[in-house]
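Got your viewer open? Here is a short tour, one selection at a time.

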Amino acid sequence: MRILLVEDDPDLSRQLKLALGDAGYAVDHAADGEEGHFLGETEPYDAVVLDLGLPKMDGVSVLERWRRENVATPVLILTARDNWSQKVAGFDAGADDYLTKPFHTEELLARLRALVRRSAGHASPNLSCGGLRLDPRAARASVNGEPLRLTSLEYRLLHYMMLHQGRVISRTELVEHLYDQDFDRDSNTIEVFIGRVRKKIGPDRIETVRGLGYRIMPLEGESEG
Amino acid sequence: MTSRLRLPFQRLRRSSLVLRLVLLAGVWSIIMLVLAGFGLNHLFRQAAVQRFEAGLEESILSLQAETTVDDGQVYAPPMTDARAYRPFSGFYWQIAGVDAEGAVAPLIKSRSLWDSGLNTPPEVVARARRTPGVSVFFDTTDSLGKRLHAGAQLATVPGRTAPVLFMAAENRESIDQAARQFALVIVGALVALGGGLILAVYLQVRVGLAPLFGLRREVALVRRGKAERLVGEYPAELAPLAGELNALVAHNQDVVERQRTHVGNLAHALKTPLAVMLTEARQQPGELADVVERQAEAMRAHVEHQLRRARAAARAQTIGERTDVAQVLDELSITMERIFKEKGVTIDWRAPDDLCFRGERQDLQEVVGNILENAGIWCKRRVRITAEPLEADWLCVTVEDDGPGLPAERRGEVLKRGARLDESAPGSGLGLAIVDELARAYGGDVGLDDSDLGGLKVAVRLPRAET
């Protein structure tokens with residue numbers, strides 16, 4: 001297992017390198033954003049520990065560039081700024097987990113283990129519908145290459161509809177496949193979710209078939225990918 | 001003395017602009033109208049008197065032309081005016097001799113004078129003697145006490161050496177009555193004109209100041225979070241003020257943002273050394289390490305608490321901020337589901353599209369984020385968020401989970417700073433205390449209750465921006 005550690009504080013870097021080494025990881029260290037970005041882009045790491053406050057290029061920019069360049073390595077963010085706007089920004093940039101400074105090394109190791117285990121799940125084929133793509137392995141979706149931000153219920157809805165694309169799916173069917181046994185089922189909420197998903201993927205991809213349900217279709221002029 | 005003089009002006013300065021302008025215009029037009037009224041009245045009276053005196057003059061001249069002297073005896077002509085023959089009719093004439101001392105001795109008089117004569121004050125006689133051939137006019141009364149206007153002229157008559165004083169008088173009631181009527185009409189007209197003027201000034205001021213009232217309304221909208229800045233078009237005099245107000249709003253937001261950045265920088269600067277100390281202490285077990293670890297923990301808690309308080313203090317004072325609730329709930333739900341991916345937490349959020357929080361985005365994120373994190377830690381699988389408008393200018397965000405819940409007697413503790421109900425659960429333990437602090441900073445509050453999902457229900461009341 002090979003880990004990239006991007007952290008500018010020399011003491012913290014030394015400690016983390018030591019702890020990660022003890023835990024059985026091979027560790028590469030970068031002390032600034034540019035070097036970190038270069039290493040992450042060129043070397044096949046199993047996970048990255050990325051500090052957000054970095055010289056030369058800040059962590060969020062590094063992460064955004066990786067994700068744009070399709071570097072899918074799981075990333076754990078270290079940040080001293082523990083307000084929620086930072087966390088949201090980090091996850092939006094494509095982070096997989098975060099840890100607020102100061103932290104216990106044990107917690108970092110535990111999070112890292114979980115991250116590596118999660119990303120090693122078996123691959124399954126991606127689904128696509130025109131410019132709309134969905135990766136069930138990473139539970140991520142994108143429209144024309146732009147990553148979509150979906151809640152799990154929205155994701156489940158989109159996943160189910162894409163699995164059965166071109167077919168009209170009734171509300172009842174959606175309710176049954178979206179919710180667990182113990183969820184309060186209210187078919188009206190489906191409309192809310194459809195509305196929210198439409199806002200994110202574009203209004204015309206999901207068609208309402210009056211009295212029957214919904215259908216997802218590629219847009220006109222889009223080729224089946 | 002000066003203070004007594006200035007007091008009414010100071011009071012005026014504080015009172016409304018409309019009142020000031022209307023009062024000023026009102027006082028000025030009243031003064032001008034009163035002056036105009038007196039002037040017109042005077043002119044009218046003068047014209048009337050002149051006409052009256054022309055009549056008297058004519059009577060005197062015809063008297064003079066027809067008067068004859070025969071053997072020292074003065075004979076008067078018959079007058080065409082019948083009033084000269086009716087006693088005390090109000091029309092009188094008299095021809096009198098004047099001696100060297102100025103004493104008047106009537107020679108002959110109209111029948112209307114009956115047994116009395118025309119009162120002739122000595123100064124009138126003196127004036128008449130200075131200007132022979134020119135009529136002198138004066139006011140007098142007849143024997144009934146009626147006011148008369150009279151003319152007297154000294155002239156010589158053929159056949160008599162001593163000059164003779166010709167006099168004619170008439171009741172002046174007619175001029176006085178005409179003047180009174182004219183004054184009445186003029187006062188009425190001027191009062192109407194004054195009222196109209198003041199009304200016009202009032203309307204002009206209201207219309208003229210309308211942009212000012214518009215500005216006030218817009219500023220109120222900004223303060224209540226209905227608008228982010230002033231967008232109205234204002235006349236040249238007000239446009240700079242609107243611009244300055246916008247700059248002030250922007251500056252205010254800027255200051256808060258800068259403060260927050262400073263605080264964030266401080267946090268970053270302190271936390272990395274703390275992390276190093278903690279890790280170092282753990283790697284070298286011993287008594288010193290224990291002390292360092294305990295103290296570093298305490299420092300961390302203090303730093304965190306104080307930083308959050310500083311941030312909270314900087315909030316709730318900004319104006320013109322509004323935050324889309326649905327958007328924040330969506331972002332946070334996605335983030336939270338990723339954080340708790342391992343656990344497989346499902347977050348279901350519901351909020352009206354047009355619901356807006358009157359305050360900063362970061363603060364709403366902080367409030368909901370902390371409650372959500374708490375819910376994520378304790379829930380089994382499900383978290384439900386509902387945001388809805390409340391009465392007046394409030395909204396409520398409710399977060400429920402299906403975890404073990406919290407006994408009623410322990411609910412007070414969680415809102416206290418640093419309270420951590422379960423030391424083994426992750427998290428700083430400050431989460432709900434921060435939520436409480438923030439909600440209070442915005443004038444809202446936090447309530448804890450049982451959820452029908454089985455776990456805890458946290459409801460936060462926050463100010464709502466009007467739509």
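Keep in mind that this is a predicted model. Start with chain B and look at how its contacts are spread along the chain. Among contacts in chain B with a separation of 6 or more, 63% are between residues 24 or more positions apart. Switch to a cartoon view of chain B and you'll find 10 helices and 14 strands. Chain B has 467 residues, and 31% of them count as buried.

Now hop over to chain A and pick out its sheet. Five strands make an open sheet here, ordered E2-E1-E3-E4-E5, with parallel pairing. At the edges sit strand E2 (26–30) and strand E5 (97–100) of chain A, each with a partner on one side only. On average, neighbouring strands of this sheet are turned by 20° against each other, ignoring direction.

Next, select residues 47–51 and 75–79 of chain A: these are strands E3 and E4, which run parallel and are joined by 4 bridges. Which residue in E4(A) is the bridge partner of A:Val49? Click on A:Leu76 and you have it. Then add residues 59–68 of chain A, which form helix H3; this helix lies across E3 and E4, running at about 150° to E3(A).

Last stop: show both chains and look where they touch. Chain A brings 27 residues to the contact and chain B brings 34. On the chain A side, helices H1 (10–22), H4 (84–93), H5 (105–119) and H6 (152–163) each supply at least two residues. H4(A) gives the most to that side, with 5 residues. Colour the chain A side by residue type and you get 11 nonpolar, 7 polar and 9 charged residues.

Methods:
Residues numbered from 1 in each chain as written. Chains lettered and ligands numbered in written order. Predicted model: local features only at pLDDT ≥ 70, side-chain atom pairs only at ≥ 80, totals over all residues. Pairing = 2+ DSSP bridges. Axes fitted to C-alpha atoms, helices over the stretch in contact; angles between N-to-C directions. Contact = placed C-beta atoms within 7 Å. Buried ≥ 20, exposed ≤ 12 C-beta atoms within 10 Å, placed from the backbone. Nonpolar A, V, L, I, M, F, W, Y, C, P; charged D, E, K, R; others polar.
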